[in-house]
Amino acid sequence: MSAQGNAAPVIIKRKKIIVAGGHHGGAWKVAYADFVTAMMAFFLLMWLLNATTEKQRKGLADYFSPTVPISRVSSGGNGHFGGESVFAEDTLSNDGTGASKRYATESRQARGETGIDLQAEQEMQELKQKIDSALRGTNGESMSSPDLERHIITRVTDEGLLIELFDTTDGGLFEQGLDQPTGLLKQLVTFLGEVSDLVTNNVAVEAHIRAAPVILRDNPVWDLSAARAQRMRIMLTGSGLDAGRISRVTGHADRAPAVDDPMAVRNNRLKVIFLRNGA
């Protein structure tokens with residue numbers, strides 16, 4: 001009995017055998033699923049390219065295009081407008097590239113991409129030539145002197161023929177900070193009164209001034225530009241221009257400088273615009 005009581009206990013150890021190459025997580029399943037999805041999308045795209053017509057593919061491309069909300073000559077389906085483009089000649093606007101006809105007729109075709117009437121544009125150019133001839137004396141007699149020519153620029157714009165009068169470092173149109181005209185402006189207005197007799201177009205008057213060099217509590221740029229525009233209107237009507245031809249008088253303050261430096265003298269200017277007919 002005593003011998004059995006002193007015997008050491010028997011301990012049995014069981015080793016856990018790990019087989020190499022076992023489970024490493026499920027990341028490969030996600031990658032495989034992405035690959036299968038991509039392949040399915042690829043084969044679906046190939047099938048669509050083979051099963052659709054060129055017109056249907058064009059409609060799909062127009063539908064998904066972020067810069068072309070509505071196709072100019074095609075449509076993505078038979079829903080709104082009956083499958084027709086809004087640019088079709090017999091549906092809405094006529095721009096000369098409608099879908100119902102390959103070429104628009106003269107009576108139904110729009111006049112140019114920008115809508116500019118070529119005949120009116122030619123009339124403006126002829127008007128500019130008349131005024132330039134009177135200004136520079138190319139027709140034998142000049143209405144102005146070389147000193148005045150340095151203060152005048154003429155050009156054709158979308159509104160009409162623009163005659164711009166501007167300050168230079170050695171000559172201004174108005175007294176400094178006032179709406180009182182100088183002798184230079186009076187001579188220019190006399191010239192404009194003679195020029196206005198050459199045409200019958202309505203006239204718009206605009207005034208611009210340079211920015212103040214410092215920030216003022218009460219910045220006078222708006223009031224001063226408006227006052228100078230009104231003064232120019234009064235002087236033009238006094239020089240022979242029919243008051244009924246004045247369409248508008250505008251003061252732009254310093255909001256549209258002619259040069260990069262907003263405080264440059266060149267920004268002090270007046271614009272007399274002989275408007276296009278119907279403008």
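What span should the 14 residues of helix α6 have at 1.5 Å a residue, and how far apart are its end C-alpha atoms? The expected span is 20 Å, and the end C-alpha atoms are 20 Å apart, so the two values agree. Helix α6 covers residues 183–196. The model is a predicted one.

## Overall layout

The protein chain holds seven helices and five strands. Read from the N terminus, their order is α-α-α-α-α-β-β-α-β-α-β-β. Five helices thus open the series, and two strands follow them. After that the order is helix, strand, helix, and then two strands at the end.

The protein chain has 279 residues, and 30% of them count as buried. Its exposed surface comes to about 18900 Å². Carbon and sulfur atoms supply 56% of that area. Contacts also reach along the sequence. Take those between residues at least 6 apart in sequence: 63% of them join residues at least 24 apart.

## Helix α6

Helix α6 has a list of buried residues. Leu-184, Leu-185, Leu-188 and Val-189 are among them. Phe-191, Leu-192 and Gly-193 are also buried. Val-195 and Ser-196 belong to the list too.

## Strand β1

Strand β1 spans residues 152–156, and Thr-154 lies in it. Ile-152 is placed in strand β1 as well. Thr-154 has a relative accessible area of 13%, below the 20% cut-off, so it is buried. Ile-152 has a relative accessibility of 5% and therefore also counts as buried.

What does Thr-154 contact, leaving aside its neighbours within four places in sequence? Its partners are Lys-128, Ile-131, Asp-132, Leu-162 and Ile-163. For Ile-152, one distance stands out for the reader to check. The C-alpha atoms of Ile-152 and Glu-164 are 5.6 Å apart, and the two residues are 12 residues apart along the chain.

## Helix α7 and strand β4

Helix α7 runs over residues 221–238 and includes Ala-229. The relative accessible area of Ala-229 is 0%, so this residue is buried. Beyond residues up to four places away in sequence, Ala-229 touches Val-205, Ala-207, Val-249 and Thr-250.

Gly-251 sits in strand β4. Its contacts, without neighbours within four places in sequence, are Ala-207, Trp-222, Ser-225 and Ala-226. Ala-207 thus appears as a partner of Gly-251 and as a partner of Ala-229.

## The loop between β4 and β5

Strand β4 covers 246–251 and strand β5 covers 269–275; Ala-253 is in the loop between them. Is Ala-253 buried or exposed? Its relative accessibility is 1%, so Ala-253 counts as buried. The backbone of Ala-253 has a phi near 55 degrees. That is a positive value in a residue other than glycine.

Pro-257 lies in the loop between β4 and β5 too. With a relative accessible area of 39%, Pro-257 is partly exposed. The value falls between the 20% and 50% cut-offs, so neither the buried nor the exposed class applies. Pro-257 touches Pro-262, Asn-267 and Arg-269, not counting residues up to four places away in sequence.

## C-alpha separations

The table sets out C-alpha distances for pairs from the regions above.

| Pair | Separation along the chain | C-alpha distance |
|---|---|---|
| Ile-152 and Glu-164 | 12 residues | 5.6 Å |
| Pro-257 and Asn-267 | 10 residues | 5.4 Å |
| Gly-251 and Ala-226 | 25 residues | 4.1 Å |
| Ala-229 and Arg-269 | 40 residues | 9.9 Å |

Some of these pairs are also contacts. Asn-267 is a partner of Pro-257. Ala-226 is a partner of Gly-251.

## The largest pocket

The largest pocket has a volume of about 400 Å³. Its lining has 24 residues, and the closest to the pocket centre are Gln-176, Gly-177, Arg-210, Leu-224 and Asn-268. What kinds of residue make up the lining? It divides into 12 nonpolar, eight polar and four charged residues.

How values were computed: Residues numbered from 1 in each chain as written. Predicted model: local features only at pLDDT ≥ 70, side-chain atom pairs only at ≥ 80, totals over all residues. Heavy atoms only, no water. Helix = DSSP H or I, 4+ residues; strand = E, 2+ residues; numbered from the N terminus. Buried < 20%, exposed > 50% of the residue type's maximum accessible area, 1.4 Å probe, protein only. Contact = heavy atoms within 4.5 Å. Areas by Shrake-Rupley, 256 points an atom, 1.4 Å probe, with all protein chains shown as cover. 1 Å grid on protein atoms, 1.4 Å probe; cavity = no way out; pocket = protein on both sides within 12 Å on 5 of 7 lines; lining within 4 Å. Points joined across faces, edges and corners; volume = space filled by probe spheres on them. Nonpolar A, V, L, I, M, F, W, Y, C, P; charged D, E, K, R; others polar. Expected span 1.5 Å × (residues − 1).
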